[in-house]
Amino acid sequence: MEAMRILLVDDVHLERMQLAMRLQRLGHIVEAVGSGREAIEKYPLFDPDLLLLDISMPVMSGTEVAEQIRIKYPEWIPIIFLSGHDEPEMIAKAIDMGGDDYLVKPVNKIVLASKLKAMQRISSMRHKLKVATVKLEQANELLSQLVNEDGLTKLANRRYLDETLAEYISWHGRNNFSMTIIMIDVDHFKAYNDHYGHLEGDRCLQMVSAELKANYSRAGELAARYGGEEFVVLISNCDKTRAVKECERLKNCIQKLEIPHLYSNTSHIVTVSQGMVTWIPTGLETAENMYEIVDKVLYKAKGQGRNRFVV
Ligand code: GH3
Ligand code: MG
Ligand code: MG
Ligand code: MG
């Protein structure tokens, strides 16, 4: 079995040194200190697998040290108390105070070795559990990414957008604040794909998305891929005056990317059309209602010649 990192606390120098040597001979890594205060200080640096704690010490008793460590460092580790007393009441009390085992001094070699073995088993299980927990956390993170993120553009996906829009509607309805939804569609994108190829088309969507993300990822904003070459931006607590400015800004941002598009009949770069709606929700609107409404507005922008927004 693997060596344990043992933090040994005993106020009597000689006893401490003797026990530390014995533990080292059993193959463990030992940090030996002479007071509770030092133990509490050393604890996070040394990161022990086991605490061997003398009960009877001046200033701070072993049980007090155990109590403080349990509070200060919530991740559980086993504690074995050391004491010259072998009365059953003493042993029972020490276990009640947060100890996991009890060794009577002078510590018998065989008893020490066997109790350490038991703690080693627990310690190795703790390590396995820790590794498994980290893996689980990583898997959960990946899962939530897969569930909420669009693979190509790394923007929020449609599922996440639907959920957030519903939340925005109910929150702004309750608080009587206005909110803005902008639907954005890349102009003449079919022609882009046809002439530059689907792969270049993907790259173009990624560039447009990166721009949206750079502009709308603060709290109270969301840029999402609605589907295909269509995107949605949500802005919380945003009135019409600001929303108009945002649309103007967005139009310019995309133009400034200067992605060549020789087959666009509006210009020779990639542009977008936008439909925008700003309103104070009643709370009864659904996400679907709002997409329908804002899509109609976007359609007007297309009809008026593209590379523009309509409100
Ligand atoms: P308009 O200016 O009216 O919006 O014209 P458009 O050509 O952009 O619109 P249309 O809806 O006719 O074409 C959208 C195109 O977007 C068609 C589709 O193949 C392409 N598209 C959708 N999703 C993707 C994608 O993930 N990658 C690429 N490369 N193309 C996509
Ligand atoms: Mg003592
Ligand atoms: Mg479209
Ligand atoms: Mg389009």
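This is a short talk on a predicted protein model, from its confidence scores to a few backbone oddities.

Okay, let's get going. What you have on screen is a predicted model, so I'll start with the scores. The protein averages a pLDDT of 96, and 100% of the residues come in at 70 or above. For the model as a whole, ipTM is 0.96 and pTM is 0.74.

Let's go to Asp 54. The UniProt entry, which is unreviewed, annotates this position as a modified residue, 4-aspartylphosphate. In the model, Asp 54 belongs to strand 3, which covers residues 50-54. So is Asp 54 buried or exposed? It counts as buried, because it has 26 C-beta neighbours inside 10 Å and the cut-off for buried is 20 or more. If you skip residues up to four places away in sequence, Asp 54 touches Val 9, Asp 10, Asp 11, Gly 62 and Leu 82.

Now the nonpolar cores. The largest one has 42 residues, and the members that touch the most others are Ala 224, Val 232, Val 233 and Leu 234. Which element gives this core its largest share? That's strand 6, residues 179-186, with six residues. Take Ala 224 as an example: leaving out neighbours within four places in sequence, Ala 224 contacts Leu 155, Ala 156, Asn 157, Tyr 160, Leu 161, Phe 231 and Val 232. There's also a second, separate core of 29 residues, with Tyr 43, Ile 80, Leu 116 and Met 119 among them.

On to ligand 1. It has 17 residues around it, and the closest are Asp 187, Phe 189, Lys 190, Gly 201 and Gly 228. Strand 6 turns up again here: strand 6, helix 7 (189-196) and helix 8 (198-215) each give at least two residues to this shell. What's the chemistry of the shell around ligand 1? Seven charged residues, five polar and five nonpolar.

Next, Glu 229. You'll find Glu 229 in the loop between strand 7 (221-227) and strand 8 (230-235). Despite the loop address, Glu 229 counts as buried, because there are 21 C-beta neighbours inside 10 Å. Which residues does Glu 229 contact, beyond those within four places in sequence? Asp 185, Val 186, Phe 189 and Leu 205. Look at the Asp 185 pairing in particular: the two residues are 44 apart along the chain, and their C-alpha atoms are separated by 5.9 Å.

Last stop, the backbone. Most residues other than glycine have a negative phi, and most peptide bonds are trans. With that in mind, the bond from Lys 105 to Pro 106 is cis, with omega near -5°. Pro 106 is in the loop between strand 5 (101-104) and helix 5 (109-148).

Then there are a couple of positive phi values. Lys 154 isn't a glycine, but its phi is positive, at about 65°. Lys 154 is in the loop between helix 5 and helix 6 (158-175), and it counts as partly exposed because it has 14 C-beta neighbours inside 10 Å. Asn 176 also has a positive phi, near 60°, and this one is in the loop that runs between helix 6 and strand 6. Where does Asn 176 fall, buried or exposed? Exposed, because just 9 other C-beta atoms are within 10 Å, and 12 or fewer is the cut-off for that class.

That's my tour, so over to you.

Notes
Residues numbered from 1 in each chain as written. Chains lettered and ligands numbered in written order. Predicted model: local features only at pLDDT ≥ 70, side-chain atom pairs only at ≥ 80, totals over all residues. UniProt positions renumbered as here; feature names shortened; annotations may be inferred. Helix = DSSP H or I, 4+ residues; strand = E, 2+ residues; numbered from the N terminus. Contact = placed C-beta atoms within 7 Å. pLDDT = per-residue confidence, 0-100. Core = buried A, V, L, I, M, F, W, Y, C linked by C-beta atoms within 7 Å. Near = placed C-beta within 6 Å. Nonpolar A, V, L, I, M, F, W, Y, C, P; charged D, E, K, R; others polar.
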